[in-house]
Amino acid sequence: MAGPAACPHTGTALGRSSAGVRLIKGQRTGVGGMRGTGDLSKQGRPVVGGPERGVTVIAESAWVLTLFCVACGVVVGGLVTLLAEWLVRLSWAPLQGPARLLTSVPEPWQSVGSVGVGAGLGLVVGFVAVHESLSVRVSADRVVLGIRDSSQEFGRDRVGLVVRDGKQLVLLGPDGMEIAREKCGLPWTRLAAAFAAHGYRWADEDPYRDEFRRWVPGMPGLPDGADALLRARAAAREKDAGADDARELRGELSRLGVVVRDEKGRQYWRIPGQSS
């Protein structure tokens with residue numbers, strides 16, 4: 001990959017920090033007092049020579065995330081063996097049959113099998129986690145959010161504010177309309193620094209949070225058709241495989257001018273420009 005490059009808007013150099021993260025040096029970001037969410041993420045090098053210059057990429061490391069899940073699976077596999085040995089000593093304990101079956105396997109095959117199964121399950125979980133993880137590309141011209149082998153691209157003029165809303169990254173338009181909302185496991189301090197370095201406005205919480213109203217079927221104030229879409233979305237969210245339907249219905253509600261957020265299994269809504 002290309003070496004250090006200069007940001008075309010600030011003339012400051014892009015370098016690698018001691019944590020292995022590429023940050024803007026010598027430029028105030030105006031971001032402080034925020035906590036990170038872990039070390040499983042990395043910030044990539046700027047893309048030089050393409051249609052965009054000075055692109056900051058923040059994404060979870062596929063190798064680190066997968067190895068982490070495999071390691072957790074190995075630990076769980078070892079603990080299952082210890083748990084089985086403990087259960088067979090208790091006549092009143094549940095799962096006596098599976099516990100006796102597991103402990104009947106002679107060593108070292110018992111430990112090897114438990115660890116191997118745990119590692120295999122961890123590998124599967126790791127692949128799923130990588131597939132579901134969010135990547136963020138930020139430049140002075142646009143923001144690109146990548147997830148599930150697809151991406152959403154937003155021009156600079158469409159992004160009025162970038163918001164951290166709990167564990168979700170939210171992009172708001174200049175009129176306060178929500179244009180993107182994605183679950184995010186990336187370090188918030190690095191995201192805030194990246195957006196601020198490219199000149200985007202950042203907020204640690206949703207400035208429109210108090211305008212949201214809890215949805216109940218048949219409530220007044222919604223545009224025509226919005227109540228039916230919220231009913232369908234509530235049903236989709238109750239299904240294990242309803243995430244894609246819920247996402248699509250959120251887009252349909254957005255086209256009607258309705259912003260939706262979820263909290264503790266409930267749906268809340270607001271209409272930009274409408275008083276709470």
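In this predicted model, Val75, Leu79 and Leu82 together make a nonpolar surface patch of about 290 Å². Leu79, one of these residues, lies in helix α1, which runs over residues 62-87.

Nonpolar residues also gather in the interior. In soluble globular proteins, nonpolar side chains tend to be buried together. Here the largest nonpolar core has 22 residues, and those touching the most other members are Val136, Leu145, Val162, Leu169, Leu191, Phe195 and Trp202. The elements that give two or more residues to this core are listed below.

| Element | Residues |
|---|---|
| β5 | 135-138 |
| β6 | 142-147 |
| β9 | 168-172 |
| α4 | 188-197 |

Among the contributors, α4 gives the most to this core, with five residues. When residues up to four places away in sequence are not counted, Phe195 touches Val136, Val138, Val143, Val162, Tyr200 and Trp202. A second core, separate from the one just described, has 13 residues, including Met219, Leu222, Ala226 and Ile271.

A polar residue can be followed in the same way. Gln267 lies in strand β14, which covers residues 266-270. Its relative accessibility is 4%, and because buried means under 20%, Gln267 counts as buried. A polar atom of the Gln267 side chain lies 3.0 Å from the backbone oxygen of Leu230. Leu230 also appears among the residues in contact with Gln267 once neighbours within four places in sequence are left aside, and the others are Arg213, Arg214, Trp215, Arg233, Ala234, Arg237, Val260, Arg261 and Asp262.

Technical notes. Residues are numbered from 1 along each chain as its sequence is written. This is a predicted model: local features need pLDDT of at least 70, side-chain atom pairs count only at pLDDT 80 or more; totals for chains, interfaces and linings use all residues. Side-chain values use heavy atoms; hydrogens and water are left out. Helices (H or I, at least four residues) and strands (E, at least two) are DSSP runs, numbered from the N terminus. Buried means under 20% relative accessible area, exposed over 50%, partly exposed in between (1.4 Å probe, protein chains only). A polar contact is a pair of N or O atoms within 3.5 Å; within protein, one must be able to donate a hydrogen and the other to accept it, and residues adjacent in sequence count only if both atoms are side-chain atoms. Contact means heavy atoms within 4.5 Å. A nonpolar core is a set of buried Ala, Val, Leu, Ile, Met, Phe, Trp, Tyr and Cys residues joined through side-chain atoms within 4.5 Å. Patches are made of residues with over 30% relative accessible area and no salt bridge: like charges are joined within 9 Å, nonpolar side chains (Val, Leu, Ile, Met, Phe, Trp, Tyr) within 5 Å. Accessible areas come from the Shrake-Rupley method with a 1.4 Å probe; for residues, only the protein chains shown count as cover. A salt bridge is a side-chain nitrogen of Lys or Arg within 4 Å of a carboxyl oxygen of Asp or Glu.
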